[in-house]
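Hi,

Here is the structure I promised to pass on to you. Have a look at it first, and my notes on what turned up follow just below.

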Amino acid sequence: VQLQASGGGLVQPGGSLRLSCAASGSFFSLSTMGWYRQVPAKQRELVATINSAGTTNYADSVKGRFTISRDNAENAGFLQMNSLKPDDTAVYYCYAGIRARWYSNADDYWGQGTQVTVSS
């Protein structure tokens with residue numbers, strides 16, 4: 001099972017980016033999906049999560065600007081980032097709890113990071 005993140009890049013302040021996270025391989029289901037970010041010398045921090053029912057949770061710093069969503073049919077998650085600020089610059093990591101079988105607990109999986117740089 002793999003998570004593949006994409007969509008990072010360089011954007012000017014006030015701009016937008018959309019990150020994608022696709023799960024591939026053989027598994028039963030995805031539970032909670034999420035995005036975290038990390039800057040050098042700091043701990044990885046939560047950006048947003050969404051559970052299988054669609055309930056979302058956001059860090060205070062991104063509320064009103066970022067929107068997390070998922071496509072259960074495609075086993076994919078997304079993070080729409082609007083009104084980006086220089087402080088949003090970080091490596092963004094996607095996360096998913098993945099159940100291998102119907103009777104399994106969800107294991108944690110992480111995608112490779114994707115760099116988001118907000119700069120003029």
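A41 counts as exposed because its relative accessibility is 90%, and the cut-off for exposed is over 50%. Please bear in mind that this is a predicted model. A41 sits in the loop that links β4 (29-38) with β5 (45-50). Its backbone is worth a look too: phi is positive, about 70°, although A41 is not a glycine. As background, most residues other than glycine have a negative phi.

S83 also has a positive phi without being a glycine, in this case about 50°. You will find S83 in the loop between β8 (76-81) and β9 (90-99). Is S83 buried or partly exposed? With a relative accessible area of 40%, S83 is partly exposed.

Now to the interior. The largest nonpolar core has 29 residues, and those touching the most other members are W35, V47, F66, L79, M81 and Y92. Two or more residues each come from β1 (2-6), β3 (17-24), β4, β5, β7 (66-71), β8, β9 and β11 (114-118). Which of these strands gives the most to the core? That is β9, with five residues.

Y92 deserves a closer look. Leaving out neighbours within four places in sequence, Y92 is in contact with W35, V47, F66, L79 and M81, among others. Its contacts also include L19, Y36, R37 and Q112, as well as G113, T114 and V116.

Happy to talk any of this through whenever it suits you.

Best wishes

Terms used
Residues are numbered from 1 along each chain as its sequence is written. This is a predicted model: local features need pLDDT of at least 70, side-chain atom pairs count only at pLDDT 80 or more; totals for chains, interfaces and linings use all residues. Side-chain values use heavy atoms; hydrogens and water are left out. Helices (H or I, at least four residues) and strands (E, at least two) are DSSP runs, numbered from the N terminus. Buried means under 20% relative accessible area, exposed over 50%, partly exposed in between (1.4 Å probe, protein chains only). A nonpolar core is a set of buried Ala, Val, Leu, Ile, Met, Phe, Trp, Tyr and Cys residues joined through side-chain atoms within 4.5 Å. Contact means heavy atoms within 4.5 Å.
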